[in-house]
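I wanted to get my bearings in this one before going back to the bench. These are my notes, in the order I looked things up.

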Amino acid sequence: MNSIIVVHSLTGNTYSVAKKMKEKLMDNGHTVTIERIEAEGNADKTEGNPNKLRLTSLPDISSYDLVILGGPVRAFSMSPVVAAYLTSIKSLQGKKIILVVTQFFPFPWLGGNRAIAQMKSICKSKGGSVIGTGIVNWNRRNRENKIVELAESLSKVV
Ligand SMILES: Cc1cc2nc3c(=O)[nH]c(=O)nc-3n(C[C@H](O)[C@H](O)[C@H](O)COP(=O)(O)O)c2cc1C
């Protein structure tokens with residue numbers, strides 16, 4: 001399957017998870033590319049208003065069947081940069097989508113679940129089919145093993 005991993009990552013955590021996912025998907029025979037969503041200036045701050053963000057890199061997903069979208073949790077919500085990116089996309093009709101977030105706190109209910117629910121809701125409203133989700137809790141023992149497990153399990157839902 002022709003796949004793209006689209007990731008917003010300020011300090012590199014989500015990007016490192018994206019790279020692990022790419023590895024596992026490729027092991028399973030998929031063609032995978034990674035592209036970053038980037039925004040201008042201070043736009044990564046939680047105070048950012050998604051409507052006022054200026055994105056400087058908007059990966060084009062139109063030619064891909066599978067889209068893996070990743071980003072950090074910001075203030076118990078999805079990243080404003082991911083929100084702005086999703087808003088910019090006209091349609092996700094016919095796309096399979098996997099959503100992944102990373103968060104500092106050790107429990108998904110401290111932002112991860114909400115961020116995923118928000119991202120899922122926008123994807124569905126644009127016709128996308130969310131086939132898998134994952135949350136990585138950065139401040140957790142065993143994190144590296146969890147990332148490998150998550151990448152393995154998500155690469156199998158495709
Ligand atoms: C402004 C701001 C708000 C954040 N809010 C949360 C939060 O609500 N819950 C949480 O667990 N982590 C929160 N974090 C931590 C990030 O989600 C976490 O460090 C993430 O892994 C960073 O990913 P990145 O390196 O890909 O940018 C916040 C970080 C920043 C800078």
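Below are my entries on the strands, the core, the turn and the ligand shell.

**Entry 1: what I am looking at.** I am reading a predicted model, so I keep that in mind throughout.

**Entry 2: strand E5.** I began with E5, which spans residues 66-74. How many of its residues are buried? I get 9 of 9, so E5 is largely enclosed by the rest of the structure. Next I checked its strand partners. E1 pairs with E5 in the parallel sense over 5 bridges, and one bridge there puts Ile 5 with Ile 68. E7 also runs parallel to E5, with 7 bridges joining them; in that pairing Pro 72 is opposite Thr 102. E6 is antiparallel to E5 and is joined to it by 2 bridges, with Val 73 partnered by Met 78.

**Entry 3: the turn after E5.** E5 and E6 make a hairpin with 2 residues between them. I looked at the backbone angles in that loop. Ala 75 sits there, and its phi is positive, near 50°, though it is not a glycine. Phe 76 lies in the loop between E5 and E6 too, and its phi is near 65°, again positive in a non-glycine residue. I noted these because most residues other than glycine have a negative phi. Are these two buried or exposed? Ala 75 has 13 C-beta neighbours inside 10 Å, so I list it as partly exposed. Phe 76 is also partly exposed, with 15 other C-beta atoms within 10 Å.

**Entry 4: the core.** The largest nonpolar core holds 43 residues, and Val 67, Val 82 and Met 119 have the most contacts inside it. Among the elements that each supply at least two of its residues are E1, H1, E5 and E7. Which element gives the largest share? That is H2, with 6 residues. I then followed Val 67 outward: leaving out residues up to four places away in sequence, it touches Ile 4, Val 6, Ile 61, Lys 95 and Ile 97.

**Entry 5: helix H2.** H2 covers residues 80-88, and 7 of its 9 residues are buried, so I take it as largely enclosed by the rest of the structure. The buried ones are Pro 80, Val 81, Val 82, Ala 83, Ala 84, Tyr 85 and Leu 86. What do they pack against? My list reads E3, E4, E5, E6 and helix H3.

**Entry 6: Ile 97.** I turned to Ile 97, which is in strand E7. I call it buried because 22 other C-beta atoms lie within 10 Å, and the cut-off is 20 or more. Not counting residues up to four places away in sequence, its contacts include Val 67, Leu 69, Leu 92 and Cys 123. Ile 131 is another contact; the two are 34 residues apart in sequence, yet 5.8 Å apart in space, C-alpha to C-alpha.

**Entry 7: around the ligand.** Last, I looked at the ligand. Which of the 21 residues around it come nearest? They are Ser 9, Asn 13, Thr 14, Pro 72 and Gln 103. The elements giving two or more residues to this shell are helix H1, strand E5 and strand E7. By class I have 10 nonpolar, 9 polar and 2 charged residues in the shell.

**Entry 8: tying it up.** E5 turns up in several of my entries: it pairs with E7, supplies residues to the core and contributes to the ligand shell.

Definitions and conventions: Residues numbered from 1 in each chain as written. Predicted model: local features only at pLDDT ≥ 70, side-chain atom pairs only at ≥ 80, totals over all residues. Near = placed C-beta within 6 Å. Helix = DSSP H or I, 4+ residues; strand = E, 2+ residues; numbered from the N terminus. Nonpolar A, V, L, I, M, F, W, Y, C, P; charged D, E, K, R; others polar. Buried ≥ 20, exposed ≤ 12 C-beta atoms within 10 Å, placed from the backbone. Contact = placed C-beta atoms within 7 Å. Core = buried A, V, L, I, M, F, W, Y, C linked by C-beta atoms within 7 Å. Pairing = 2+ DSSP bridges.
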